[in-house]
Amino acid sequence: MEDKMDNTEDIRNKIAKLISERGLNFAKVSLAIGKNIAYIQQFVRNGSPRRLGEVERQKLAKILK
């Protein structure tokens, strides 16, 4: 179970890094995927939601590619 938790944290850290590298911020990305302004920040920093939905993951992938 620890590996799964570490992997989830790695994913959150990777998302934060990619957002920063692209000159974006959590708020802009949240709005771009159709969510409230704090959605990605809450996901990355607080772990809520635990997992992004498929639609959100696809939109996020397009933004961060």
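A residue counts as buried here when its relative accessible area is under 20%, and as exposed when that value is over 50%, with partly exposed in between. With that in hand, the predicted model can be read helix by helix.

Helix H4 is a handy place to start. This helix runs over residues 54–64, and Glu56, Leu60 and Leu64 are buried in it. Seen down the axis of H4, these buried residues fall within an arc of 55°, so they line one face of the helix. The general pattern is worth keeping in mind: an α-helix has 3.6 residues a turn, so residues three or four places apart point the same way.

Leu60 deserves a closer look. This leucine belongs to helix H4, and it counts as buried because its relative accessibility is 5%, with the cut-off set at under 20%. What does Leu60 touch, not counting residues up to four places away in sequence? The answer is Ile15, Val29, Ile33 and Leu52. As for Phe26, the C-alpha atoms of Leu60 and Phe26 are 11 Å apart in space, while the two residues are 34 residues apart in sequence.

Leu60 is also part of a bigger picture. The largest nonpolar core has 13 residues, and Leu60 is among those with the most contacts inside it, along with Ile15, Ile19, Ile40, Val44, Leu52 and Leu64. Each of the helices H1, H2, H3 and H4 supplies at least two residues of this core. Which helix gives the largest share? That would be H3, with four residues.

So much for the core as a whole; next comes H3 itself. In this helix, Tyr39, Ile40, Phe43 and Val44 are buried. They cover an arc of only 120° around the axis, which puts them on the same side of H3. Arg45 and Asn46, on the other side of H3, are exposed. Ile40 has its own set of neighbours: leaving out residues up to four places away in sequence, it touches Ile19, Phe26, Val29, Ser30 and Ile33. Just after H3 comes Gly47, which takes a positive phi of about 75°.

A little further on, Gly53 lies in the loop between H3 and H4. Is Gly53 buried or partly exposed? Gly53 is partly exposed, because its relative accessible area of 26% lies between the 20% and 50% cut-offs. The C-alpha atoms of Gly53 and Ala16 are separated by 17 Å, and the two residues are 37 residues apart along the chain.

Now for the charged side chains. Side chains of opposite charge can pair when their charged atoms come close. How many salt bridges does the structure hold? There are four salt bridges. In one of them, the side chains of Glu21 and Lys17 meet at 3.5 Å, N to O. Glu21 and Lys17 are four residues apart in helix H1 (residues 2–21), so about one helical turn separates them. Both ends are partly exposed: Glu21 has a relative accessible area of 49%, and Lys17 comes in at 48%.

Glu21 has another partner too. The side chains of Arg22 and Glu21 meet in a salt bridge, at 3.6 Å from N to O, and Arg22 is partly exposed at 35% relative accessibility.

A further salt bridge brings the story back to H4: the side chains of Lys35 and Glu56 meet at 3.2 Å, N to O. This pair links distant parts of the chain, 21 residues apart, with Lys35 in the loop between helix H2 (26–32) and helix H3 (39–46), and Glu56 in helix H4. The two partners sit in different burial classes: Lys35 is partly exposed at 29% relative accessibility, whereas Glu56 is buried at 13%. Shared partners, meanwhile, join Lys17, Glu21 and Arg22 into one network of salt bridges.

Lastly, the rings. The structure holds zero aromatic pairs, but charges do sit over rings. The charged end of Lys35 sits over the ring of Tyr39, 5.2 Å from its centre. Arg12 lies over the face of Phe43, at 4.0 Å from the ring centre. Both Tyr39 and Phe43 are among the buried residues of H3.

Notes. Residues numbered from 1 in each chain as written. Predicted model: local features only at pLDDT ≥ 70, side-chain atom pairs only at ≥ 80, totals over all residues. Heavy atoms only, no water. Buried < 20%, exposed > 50% of the residue type's maximum accessible area, 1.4 Å probe, protein only. Arc of directions from axis to C-beta. Phe/Tyr/Trp six-rings, centres within 6.5 Å; stacked < 30°, edge-to-face > 60°. Lys NZ or Arg CZ within 6 Å of the ring centre and 35° of its normal. Contact = heavy atoms within 4.5 Å. Core = buried A, V, L, I, M, F, W, Y, C linked by side-chain atoms within 4.5 Å.
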